[in-house]
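Colleague: I would like a close look at a single part of this protein. Please start with the part that gives the most to the nonpolar patch, and then work outward.

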Amino acid sequence: MDFIFSNIHNFIAFTNDNYFISLLLFFIFFTFIASISLPGLSILAALSGYIYGIFFGFFAVIFALSLGSFVFFLISKFFLRTIFHKYYNKYSENLSNYIKDSSFEYLIIFRMIPGPPLLLQNILLSILNISAFKFIVSSFIGLTPLNLAVVYIGNKIGNIQNIRNLSTSEIFTWDLILFIFLLILIISIRIIYKKNNKNKKTLI
């Protein structure tokens with residue numbers, strides 16, 4: 001991060017003359033950072049809002065985050081399956097069977113929960129037997145509320161140095177936490193409804 005902020009004014013000057021090339025470079029860099037799940041992604045997300053605005057900043061972040069996480073997911077799955085073959089197959093099958101009727105919903109909820117680092121999230125998800133489509137789409141949807149909020153905050157910050165010192169309390173406002181909680185509640189109700197509906201059909 002020190003390197004980024006020490007050269008940020010040069011990058012902004014480059015962006016003024018080469019907006020979409022700059023956006024592409026930022027997307028590639030963000031994807032790389034997400035693919036190795038390094039900390040500091042929230043700072044980069046806020047920076048994207050500051051430099052590119054809410055619309056382009058958000059979509060660059062959410063696509064890069066979903067794609068980078070998927071790369072990490074594949075690598076982690078490969079190593080876990082290779083090194084812990086016996087345990088991996090056992091737990092992967094059990095967990096995948098448990099969520100199979102509402103896998104999209106469970107994955108979205110997991111992505112929405114504030115707190116767990118991206119590294120931990122991606123490692124835990126790599127245990128599951130899920131398709132690339134489900135992983136990317138659920139990541140895109142589940143990671144949207146928090147990252148949209150961060151990009152919005154970055155866009156509204158007047159001094160770029162304030163982004164570097166962005167605190168957790170500035171991101172996790174009560175409004176955001178309440179909004180995420182309501183979304184999780186709605187999705188949970190859908191899971192319960194689907195489960196009850198399936199049980200009824202089984203009885204019939």
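Modeller: Start with helix α4. With six residues, α4 gives the most to the nonpolar patch. Keep in mind that this is a predicted model.

Now look at the patch itself. Its area is about 990 Å². The residues that make this nonpolar surface patch are Leu67, Val71, Ile75, Phe78, Phe79, Ile83, Phe84, Tyr87, Tyr91 and Leu95. Two elements give two or more residues to the patch: α4 and α5, which covers 85–99. Find Phe78 as a landmark, since Phe78 lies in helix α4.

Next, trace α4 from end to end. The helix covers residues 41–83. How far would a straight helix of 43 residues span? At 1.5 Å a residue, the answer is 63 Å. Yet α4 spans only 29 Å between its end C-alpha atoms. Look for a bend along the way. α4 bends by about 130 degrees at Gly53.

Step back to the loop before this helix. Ser37 sits in the loop between α3 (19–35) and α4. Check its backbone. Phi of Ser37 is near 50 degrees, a positive value in a residue other than glycine. Most residues other than glycine have a negative phi. Is Ser37 buried or exposed? Ser37 counts as buried because its relative accessibility is 7%, and the cut-off for buried is under 20%.

Now leave α4 and turn to the charged side chains. Side chains of opposite charge can pair when their charged atoms come close. How many salt bridges does a search of the whole structure find? The search finds two.

Take the pair of Glu105 and Arg190. Their side chains meet in a salt bridge at 2.7 Å, N to O. The pair links distant parts of the chain. Glu105 is in helix α6 (residues 103–112), and Arg190 is in helix α12 (residues 174–203). They are 85 residues apart.

Then take Lys194 and Glu105. Here the side chains meet in a salt bridge at 3.2 Å, N to O. This pair also joins distant parts of the chain, with Lys194 in helix α12 and Glu105 in helix α6. The two are 89 residues apart. Put together, Glu105, Arg190 and Lys194 are linked in a network of salt bridges.

How covered are these three residues? Glu105 is buried, as its relative accessible area is 7%. Arg190 counts as partly exposed, at 46% relative accessibility. Lys194 is partly exposed too, with a relative accessible area of 28%.

Finally, set these parts in the whole protein. The secondary structure comes to twelve helices and zero strands. Read along the sequence, the pattern is α-α-α-α-α-α-α-α-α-α-α-α. The C-alpha atoms fill a box of roughly 65 × 40 × 30 Å along the principal axes.

Buried residues make up 40% of the 204 residues. The accessible surface comes to about 11900 Å². Of that surface, 70% belongs to carbon and sulfur atoms. Now consider contacts between residues at least 6 apart in sequence. Of these, 82% join residues at least 24 apart.

Terms used: Residues are numbered from 1 along each chain as its sequence is written. This is a predicted model: local features need pLDDT of at least 70, side-chain atom pairs count only at pLDDT 80 or more; totals for chains, interfaces and linings use all residues. Side-chain values use heavy atoms; hydrogens and water are left out. Helices (H or I, at least four residues) and strands (E, at least two) are DSSP runs, numbered from the N terminus. The expected span of a helix is 1.5 Å times one less than its number of residues. The bend at a residue is the angle between axes fitted to the seven residues ending there and the seven starting there. Patches are made of residues with over 30% relative accessible area and no salt bridge: like charges are joined within 9 Å, nonpolar side chains (Val, Leu, Ile, Met, Phe, Trp, Tyr) within 5 Å. Accessible areas come from the Shrake-Rupley method with a 1.4 Å probe; for residues, only the protein chains shown count as cover. A salt bridge is a side-chain nitrogen of Lys or Arg within 4 Å of a carboxyl oxygen of Asp or Glu. Buried means under 20% relative accessible area, exposed over 50%, partly exposed in between (1.4 Å probe, protein chains only). Contact means heavy atoms within 4.5 Å.
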